[in-house]
Amino acid sequence: MQNAQFFKDNLFSINAQNFEEYALSLFRWQAEHNPVYKLYIENLSIRVEEVKRLEHIPFLPIAFFKDHKVVSIDETEKTESYTYYESSGTTGQQRSRHYLADTEFYLKVCRQIFETQYGKLEDFHVFALLPSYLERKHASLVAMADHFIQLSQSDLSGFYLNEYDRLLAQIQEAKKTGRKVLLLGVTFALLELAENYSPKLEGVIVMETGGMKGRRKEMIRQELHYILTNGFQLNHIHSEYGMTELLSQAYAHYKGLFQCPSWMRVLIRDINDPFCLDQSLRYGGINVIDLANVHSCAFIETQDLGRYHHETGYFEVLGRFDQSDVRGCNLMVAL
């Protein structure tokens, strides 16, 4: 019998060969058990039983997470026990909420993705520079960073709230230990660190999560990485693509080329027709299938613009649609 636990138990066994089968199976389950998604599908006059390919699955516009409680209800669980993660935003801006019944599952997913691409967290010192996130509750990025810090089991690992001198001193100590060093930072804080201190961070994995939070003007990723690589004296900057509405993350090790975990996939939609998901498209709106989104909706139409590299499976984030909120994990650019 398929239920939420079934999909969670089988998440890490998903691969390129069985991805479509799992995705269609979860789609059919969520189309029945998610009231918001079910009504959306009905309003599109889509017959669930006729959806037999990935590109035929309807993607829920991400704005629904602001106005509705997007929850896939498992009859064996109590919805009253759900907690939520909340998106960042400027004053007066309505925030998205992602409800989930199992925060431990989210942390397990985060760990699996990171360690698959970067190695065991116990081999790292983890430094988190996340002002603005630390200052509010229900931030999924803070929960992930805290989990990574705990898993590192390092006395040097931790959160640093505008403590740049102490942060740099601790990083220098960490570099002496032979373990890998990760500096995970929100964009505006990394820029302040690079411009005001110009520290030499050779050998450190500096990873930007996006986000100006109204502190500075938005800039394209190439400009941002140029400033950071020069300021930190590094060859390249790593990036994380994540958002409140997704439980999974994609990581870019180089030049903003993001790699998804095996249970996450990006599809490109036509800019002028949100229901056109031609597999040959290279540029357009980003739709995400995140099969870790068991308790919400796994099929999300984002407001991000992107480029998909069919030969590698990597994708780039090029900017955002006009009139969409500027979110922490994305940058603006005119196409």
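**Entry 1: helices 7 and 8.** I looked up how helix 7 and helix 8 sit against each other, and they turn out to be roughly perpendicular. This is a predicted model, so I keep that in mind for every entry. I noted that two packed helices get described by the angle between their axes and the distance between the axes. For helix 7 (residues 164–175) and helix 8 (residues 187–197), I found an angle of about 85° and axes 11 Å apart. Since 65 to 115 degrees counts as roughly perpendicular, I can see why the pair gets that label.

**Entry 2: who touches whom?** Which residues make the contact between helix 7 and helix 8? On the helix 7 side I listed Y164, D165, L167 and L168. On the helix 8 side I wrote down A189, E192, L193 and Y197. I then sorted the residues of this contact and got six nonpolar, two charged and no polar.

**Entry 3: odd phi angles.** I went hunting for backbone surprises next. Most residues other than glycine have a negative phi. Q153 isn't a glycine, yet its phi is positive, near 55°. I located Q153 in the loop between helix 6 (140–152) and strand 5 (158–159). N162 also has a positive phi without being glycine, near 60°. I found N162 in the loop between strand 5 and helix 7.

**Entry 4: buried or exposed?** How do Q153 and N162 count for accessibility? Q153 has 66% relative accessibility, so I put it down as exposed. N162 has 45% relative accessibility, so I put N162 down as partly exposed. The cut-off I needed here is that exposed means over 50%.

Key:
Residues numbered from 1 in each chain as written. Predicted model: local features only at pLDDT ≥ 70, side-chain atom pairs only at ≥ 80, totals over all residues. Heavy atoms only, no water. Axes fitted to C-alpha atoms, helices over the stretch in contact; angles between N-to-C directions. Helix = DSSP H or I, 4+ residues; strand = E, 2+ residues; numbered from the N terminus. Parallel < 35°, antiparallel > 145°, perpendicular 65-115°, else oblique. Contact = heavy atoms within 4.5 Å. Nonpolar A, V, L, I, M, F, W, Y, C, P; charged D, E, K, R; others polar. Buried < 20%, exposed > 50% of the residue type's maximum accessible area, 1.4 Å probe, protein only.
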